[in-house]
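Student: I would like a close look at a single part of this model, followed by its surroundings. Please keep the account connected.

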Amino acid sequence: GPSLLGCPTRFSSMPESEATLSGQCYCGALEFKATTPKPEVIHCHCKGCRDWTGGIAYSAVPCSFVEFVKGTPKEFQRNGGPTKVFCGDCGTGICNKVNFGPFTATVAAGILNESTSLKTSMHCQLAGKVPWADTSADGIPTFKGFPTPGAV
């Protein structure tokens, strides 16, 4: 059957108030669906996210439920940090498992089929940002650390 992240018994059916997102890894071995009450992108600038993505930030959508409808992902956890979920064939990072308010995963925004229609809601973990990443020009709210779950 499908591989589930989060709490598979959380919803008996998909709530109408949640948006459904979908995506896949680079090679196509993994396909997934996710639900979120807020289909908005958060850019996390912490060192762990920068290490994992190789970029200046991890751009992700906080989701309440993720289901893999094709393939089985691999997982990795470093030093008690969030569990990273990725494709074992091509290495594409799919999401982080988290426990943050109603959210159980942060899904990589760039691999979502809906990525071009999403808006950014915030930059967080600016205390760990690289000095050459300019977050002032976009006018989006910033947080030195993690925002409270209600702010997301």
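Which residue in β9 does Phe86 stand opposite?

Tutor: Phe86 stands opposite Gly93 in β9. The model is a predicted one, and what follows is computed from its atoms.

Start with the strands on either side of that position. β8 and β9 run antiparallel and are joined by four bridges. Their hairpin has six residues between the strands, and within this hairpin Gly91 takes a positive phi near 90°. On its other side, β8 pairs with β7, also in the antiparallel sense, over three bridges. Phe86 takes part here as well, since Lys74 stands opposite Phe86 in β8. Phe86 therefore has Lys74 as a partner and Gly93 as another.

The hairpin of β7 and β8 likewise has six residues between the strands. Asn79 is found in this loop, between β7 (74–76) and β8 (83–86). Asn79 has a positive phi of about 50° although it is not a glycine. With a relative accessibility of 77%, Asn79 counts as exposed, because the cut-off for that class is over 50%. A second non-glycine residue with a positive phi is Gln125, at about 60°. Gln125 lies in the segment after β11, and at 15% relative accessibility Gln125 counts as buried.

Next, the cysteines around the β8 and β9 hairpin. The sulfur of Cys25 has its closest cysteine sulfur in Cys87, 3.7 Å away, which is too far for a bond because the cut-off is 2.5 Å. Cys90 is in no disulfide either: the nearest cysteine sulfur, that of Cys87, is 3.8 Å away. The count of disulfides comes to zero. Cys25 is buried, at 4% relative accessibility, whereas Cys90 is partly exposed, at 28%.

β9 also leads into the interior. The largest nonpolar core has 29 residues, and those with the most contacts inside it are Phe32, Val61, Val66, Ile94 and Val107. β9 (93–100) is one of the strands that each supply at least two residues of this core; the others are β3, β4 (40–44), β5 (58–63), β6, β10 (103–108) and β11 (119–124). The largest share, four residues, comes from β5.

Phe32, named above for its contacts in the core, is also part of an aromatic pair. A search of the whole structure finds two such pairs. Phe32 and Phe68 form a tilted one, with 6.0 Å centre to centre and 55° between the planes. Phe32 lies in strand β3 (residues 31–36) and Phe68 in strand β6 (residues 65–70), so this pair ties together parts that are 36 residues apart in sequence. Phe32 is buried, and Phe68 is buried too. The other pair is Trp52 with Tyr58: the ring centres are 5.2 Å apart and the planes stand at 75°, so the pair is edge-to-face. Tyr58 is buried, with a relative accessible area of 5%, while Trp52 is partly exposed, with 25%.

To return to the starting point, β8 is paired with β7 through three bridges and with β9 through four. Phe86 faces Lys74 across the first of these pairings and Gly93 across the second.

Terms used. Residues are numbered from 1 along each chain as its sequence is written. This is a predicted model: local features need pLDDT of at least 70, side-chain atom pairs count only at pLDDT 80 or more; totals for chains, interfaces and linings use all residues. Side-chain values use heavy atoms; hydrogens and water are left out. Rings of Phe, Tyr and Trp (its six-membered ring) pair if their centres lie within 6.5 Å; planes under 30 degrees apart count as stacked, over 60 as edge-to-face and the rest as tilted. Buried means under 20% relative accessible area, exposed over 50%, partly exposed in between (1.4 Å probe, protein chains only). A nonpolar core is a set of buried Ala, Val, Leu, Ile, Met, Phe, Trp, Tyr and Cys residues joined through side-chain atoms within 4.5 Å. Two strands pair if DSSP finds at least two bridges between them.
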